[in-house]
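Hello,

Here is the structure I promised to pass on to you. Please have a look at it first, and then read my notes below.

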Amino acid sequence: MTVYLNGEFMPIEQAKIPVLDRGFIFGDGVYEVIPVYSRRAFRLAEHLARLNASLSAIRIDNPYSNARWSELLEHIIAANPWDDQGVYLQVTRGVAPRNHLFPKGLTPTVFIMADALVTPARALVESGAPAVVLQDFRWLRCDIKSVSLLGNCLLRTLAADQGAIEAILVRDGFLTEASASNIFIVRSGIVLTPPKSHLMLPGITYDVVLEILRSNGIAHEVRPVTEAELRTADEVWCTSSAKEVLAITTLDAKPVGHGADAGKPGPAFARIYPLYQQFKAKFMRAHAPTHAPTRGQD
Ligand SMILES: Cc1ncc(COP(=O)(O)O)c(C=O)c1O
């Protein structure tokens, strides 16, 4: 695997950072995960805009222009063996003696790697997945895509302890998101999802799903969703770059939905899933694959 670290491309085994990197000491950094389909980075402009928002929220100057980010990502995509990739990039504040106060003038640490993109297998798309509902005990700036993911990791592990693939989170009686995805529910034929706020990550997939709902005239509302509405929903979906749109078919081991469809992906999911795949296919037709920049440009 070829990675990028602070100006150089190298095999991952050679990538090393100093122990006083504030990412290591404090989790003082932000990241992005960008899905790549047939070597095309999906929604790159949106991911770079969210990166910029995360960086400015924690007062790190973006080390690169969008053009430079695009070049580096193109190089990583071309240098790695998979056509479909999950590209991970991380920016930390840099290396400094340990002190809580943000030091000024540090050189940020920039790291990029890629892995094979694994989207849900057909069997999982057809069966749907189990989730549990847990209290959202994370901090109040979940809109920042911070590398400090201990809360998310613990919640995801609590879900796995109960055989679930996701922890769907509620705070003060309202749905926020899940440990690594956003949540949509369906009630009486209307798709509902919470509005963006400091309490959830503004998902790129969340925006894509809303765009698809709008452009296909599918009834939906972006408004606060109560825990009671979540627990009695006809359908629940989670969305993320890796999970795309996936039906959640049990909540706390109880089937989601009612009647004959209970515990199975519902009719609204049967509509949104192919529309999402078509959206991706259209994107791939409209974008040429990326190529590595010629030597000397790095
Ligand atoms: C906490 C959280 N919410 C939502 C998402 C979905 O974001 P995206 O659709 O940009 O992948 C993620 C993605 O990893 C996440 O970690």
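Which residue takes a positive phi in the hairpin of strand 1 and strand 2? It is asparagine 6, with a phi near 45 degrees, in a hairpin that has two residues between the strands. Before going further, please keep in mind that this is a predicted model.

**The sheet**

The hairpin is a good place to start. Strand 1 and strand 2 are joined by four bridges in the antiparallel sense, and within this pair threonine 2 is found opposite proline 11 of strand 2. Strand 1, which covers residues 2-5, also pairs with strand 6, residues 109-116, again in the antiparallel sense, here over two bridges. Tyrosine 4 has isoleucine 112 of strand 6 as its bridge partner, while leucine 5 has phenylalanine 111 in that strand.

Both pairings belong to an open, antiparallel sheet of six strands, whose order is 2-1-6-5-3-4. At its edges stand strand 2 (8-11) and strand 4 (40-41); each has a single partner strand, so one side of each is left without a neighbour in the sheet. As general background, the strands of a sheet pair through backbone hydrogen bonds, either parallel or antiparallel.

**Aromatic rings**

Searching the whole structure gives 10 aromatic pairs. Tyr4, Phe9, Tyr64 and Trp69 come together in one aromatic cluster. You met Tyr4 above as the bridge partner of isoleucine 112. Tyrosine 64 also has a charge over its ring: the charged end of arginine 68 is placed there, 5.9 Å from the ring centre. A second arginine over a ring is arginine 93, which lies over the face of phenylalanine 102 at 3.4 Å from the ring centre.

**The ligand**

Now to the ligand. There are 17 residues around it, and Arg50, Glu177, Ile204, Thr205 and Ser241 come nearest. Here are three of the contacts that you can look up in the model:

- Glutamate 177 has a side-chain N or O atom 2.6 Å from a nitrogen atom of the ligand.
- Isoleucine 204 uses its backbone: an N or O atom there is 2.9 Å from an oxygen atom of the ligand.
- Serine 241 has an N or O atom in its side chain at 2.8 Å from an oxygen atom of the ligand.

The ligand would expose 390 Å² taken alone, and the protein buries 91% of that. How many residues of the shell around the ligand are nonpolar, polar and charged? Four are nonpolar, nine are polar and four are charged. Strand 9 (174-178), helix 6 (204-215) and strand 13 (235-240) each provide at least two residues of this shell.

Enjoy exploring it!

Best wishes

How values were computed. Residues numbered from 1 in each chain as written. Predicted model: local features only at pLDDT ≥ 70, side-chain atom pairs only at ≥ 80, totals over all residues. Heavy atoms only, no water. Near = heavy atom within 4 Å. Polar contact = N/O pair within 3.5 Å; in protein donor to acceptor, adjacent residues only side chain to side chain. Areas by Shrake-Rupley, 256 points an atom, 1.4 Å probe, with all protein chains shown as cover. Nonpolar A, V, L, I, M, F, W, Y, C, P; charged D, E, K, R; others polar. Phe/Tyr/Trp six-rings, centres within 6.5 Å; stacked < 30°, edge-to-face > 60°. Lys NZ or Arg CZ within 6 Å of the ring centre and 35° of its normal. Pairing = 2+ DSSP bridges.
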